[in-house]
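Student: I have a structure open and would like to go through it with some questions. Can we start with how its strands pair?

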Amino acid sequence: MLKRILLCLAVLLLFASQAFAENWTYLGRYAVKNNPVYVNTTDALILNHLFPCTSQPANNYQQYDVYYFHDHKDDVRTVNDFVNLISVPIKAKIVPLNIYGKPMLSDGVFCGQIYSDVKITNAGVFEVRPIAFSIRDSVSGKTIFRTEGEMQGQVLVADSAAQKIVAVTAPHKDWKTTIGGMPLSMLMKEN
């Protein structure tokens, strides 16, 4: 009898945890060049700075597995005589990987899982604007750092993880064309 009760409780617990599980879609493996002066894990615009991982040497690049969530319910479209705007909120989970391509399982800001909520908006060019950013301990799941609110945006970069997410989740609220970013080479030109 006790075994049946425990089995029922275990099944209920399993279903309850599945009901609240995050519904993330795997985007792919991305990388950012290591910089000894700048810590990538605390970059609120990291989605715009991650590019597809090809054959970069592991000691020169930090690799991440990127997951996203977007359901179109919060897409906002404004069209009138003066403007033709769209705002697309996306959520991402960014998992840092060790040099062997496995998730880092240690505590602290530098190895924690990054959760980034951004809006992709247009105002002449498309922009990435962070609205919430947090880092969770990859062992305990405890939030180590969190900030939210209006943050500094940046031009959406072509082929970045942010641009790829809005491309694979298209179409967005009657926006018929692909939401594209500016090529990185154009942003790096000196005046």
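Tutor: Sure, and strand 7 with strand 8 (residues 143-148) is a good place to begin. This is a predicted model, where local features need pLDDT of at least 70, side-chain atom pairs count only at pLDDT 80 or more, and totals for chains, interfaces and linings use all residues. Residues are numbered from 1 along each chain as its sequence is written, and side-chain values use heavy atoms, with hydrogens and water left out.

Student: In which sense do strand 7 and strand 8 pair?

Tutor: Strands are DSSP runs of E with at least two residues, helices are runs of H or I with at least four, and both are numbered from the N terminus. Two strands pair if DSSP finds at least two bridges between them. Strand 7 and strand 8 have 5 bridges, and their sense is antiparallel.

Student: Which residue in the turn of that hairpin has a positive phi?

Tutor: The hairpin of strand 7 and strand 8 has 6 residues between the strands. In its turn, a positive phi of about 80 degrees belongs to Gly141.

Student: Which element gives the largest share of the largest nonpolar core?

Tutor: A nonpolar core is a set of buried Ala, Val, Leu, Ile, Met, Phe, Trp, Tyr and Cys residues joined through side-chain atoms within 4.5 Å; buried means under 20% relative accessible area, exposed over 50%, partly exposed in between (1.4 Å probe, protein chains only). This core has 31 residues, and Leu50 and Ile90 are among those that touch the most other members. Elements giving two or more residues include strand 1 (25-33) and helix 3 (161-168). The largest share, 5 residues, comes from strand 5.

Student: Is Gln163 buried or exposed?

Tutor: Gln163 sits in helix 3. Among its contacts (heavy atoms within 4.5 Å), leaving aside neighbours within four places in sequence, are Leu156, Ile179 and Gly181. Because its relative accessible area is 11%, Gln163 counts as buried.

Student: How far apart in space are Gln163 and Phe126?

Tutor: In sequence, Gln163 and Phe126 are 37 residues apart. In space, C-alpha to C-alpha, the distance between Gln163 and Phe126 is 9.5 Å.

Student: Which residues does Leu50 touch in strand 1 and beyond, say, which one is a Ser?

Tutor: Not counting residues up to four places away in sequence, Leu50 touches several residues, including Tyr30, Val66 and Ile94. The Ser that Leu50 touches is Ser160.
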